[in-house]
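Here's a quick briefing to read with the model open on your screen. Have a look around first, then come back for the details.

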Amino acid sequence: MKTHTKETQETITPKKALDFLIEGNQRFQNNLRANRNLLEQVDETANGQFPFATILSCIDSRVSSELVFDQGLGDIFSIRIAGNFINEDILGSMEFACKLAGTKLLVVLGHTACGAIKGACDHARLGNLTALINKIEPAVEAVKEPKEETLRNSKNIDFVNEVAEKNVLMTIDNIRSSSVVLAEMENKGEIKIVGGMYDIKTGGVKFL
Ligand SMILES: [Zn+2]
């Protein structure tokens, strides 16, 4: 697997970038790895980076974008925060990655059994975590079923996973409404913005 260069980055379409991630996740699920030499990639990227995708994912130790999509050095910008939502700084990072550094695909990657989502479902309160969880709680409210209060908490894993998926979709809406730069790039077809859910039991990513 070759390190991306300015020339290869320019030829990659948003759809091709998505295909790279789908193929990489297939390799991961089959315990295959693209043949790459990370130390050589250190050399090859020493004078610049030309990644093809930007991925916002959770801090969860089981969900490393580089690993689950089998990517090397210089392939993806990886943004991580518990619960994979956005704020102004994360939007700024995304705008840098897409507009200035040329990535063609922006992925919001949620995952099953997410601790931050569970915290939001339970309306947990703890130190600075409270403010973070407040930002995820709109996704809890947006999932209407089940109605019974006793089923709307972290003990109901189906509910938790539905909230996680809703949180991905709402984060994408928030990106479009809060970033003129990214919305414009998407409208012009320069980038694609897609959501995905990583299944911690199978290693598979389902794109939404
Ligand atoms: Zn998580």
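Are H111 and C114 buried or exposed? Both H111 and C114 turn out to be buried. Keep in mind that this is a predicted model. The notes below go through the metal site, the salt bridges, one kinked helix and a few spots around helix 3.

**Zinc site**
- The zinc ion gets its protein donors from C58 (SG), H111 (NE2) and C114 (SG), which sit 2.1 to 2.3 Å from the metal.
- Written as a sequence pattern, the spacing of these donor residues is C-x52-H-x2-C.
- Two of the donor residues, H111 and C114, are the buried pair from the opening question.

**Salt bridges**
- Going through the whole structure turns up ten salt bridges.
- As background, oppositely charged side chains can pair when their charged atoms come close.
- One of the bridges joins the side chains of R36 and D75, at 3.9 Å from N to O. This pair ties together distant parts of the chain: R36 is in the loop between helix 2 (14-29) and helix 3, while D75 is in the loop between helix 4 (65-68) and strand 2 (76-80), 39 residues apart.
- D75 has a relative accessibility of 2%, so it counts as buried. R36 is buried too, because its relative accessible area is 17% and the cut-off for buried is under 20%.
- Another bridge pairs R62 with D60, with the closest N and O atoms 2.8 Å apart. Here D60 is buried, with a relative accessible area of 10%, whereas R62 is partly exposed at 42%.
- R125 and E137 make a further bridge, their closest N and O atoms being 3.1 Å apart. This one also links distant parts of the chain, with R125 in the loop between helix 6 (115-121) and helix 7 and E137 in helix 7, twelve residues apart.
- The R125 end is partly exposed at 47% relative accessibility, and the E137 end is buried at 11%.
- Through bridges with shared partners, R27, R36, D70 and D75 become one network.

**Helix 7**
- Helix 7 covers residues 129-142, which is 14 residues. From its first C-alpha to its last it reaches 21 Å, close to the 20 Å expected at 1.5 Å a residue.
- Look for a kink of about 35 degrees at K135, shortly before the proline P138.
- The buried residues in helix 7 include T130, L132, I133 and I136, along with E137, A139 and V140. E137 is the salt-bridge partner of R125.

**Around helix 3**
- On the surface, L38, L39, V42 and L73 make up a nonpolar patch with about 380 Å² of accessible area together.
- V42 belongs to helix 3 (residues 38-44). Its relative accessibility is 43%, so V42 counts as partly exposed.
- E44 is in helix 3 as well, and E44 is partly exposed, with a relative accessible area of 47%.
- How far apart are E44 and H4 in sequence and in space? They are 40 residues apart along the chain, and 8.9 Å separates their C-alpha atoms.

Conventions
Residues are numbered from 1 along each chain as its sequence is written. This is a predicted model: local features need pLDDT of at least 70, side-chain atom pairs count only at pLDDT 80 or more; totals for chains, interfaces and linings use all residues. Side-chain values use heavy atoms; hydrogens and water are left out. Patches are made of residues with over 30% relative accessible area and no salt bridge: like charges are joined within 9 Å, nonpolar side chains (Val, Leu, Ile, Met, Phe, Trp, Tyr) within 5 Å. Accessible areas come from the Shrake-Rupley method with a 1.4 Å probe; for residues, only the protein chains shown count as cover. A salt bridge is a side-chain nitrogen of Lys or Arg within 4 Å of a carboxyl oxygen of Asp or Glu. Helices (H or I, at least four residues) and strands (E, at least two) are DSSP runs, numbered from the N terminus. Buried means under 20% relative accessible area, exposed over 50%, partly exposed in between (1.4 Å probe, protein chains only). Donors are N, O and S atoms within 2.8 Å of the metal (3.2 Å for Na, K and Ca); water is not among the atoms, so sites may look incomplete. The expected span of a helix is 1.5 Å times one less than its number of residues. The bend at a residue is the angle between axes fitted to the seven residues ending there and the seven starting there.
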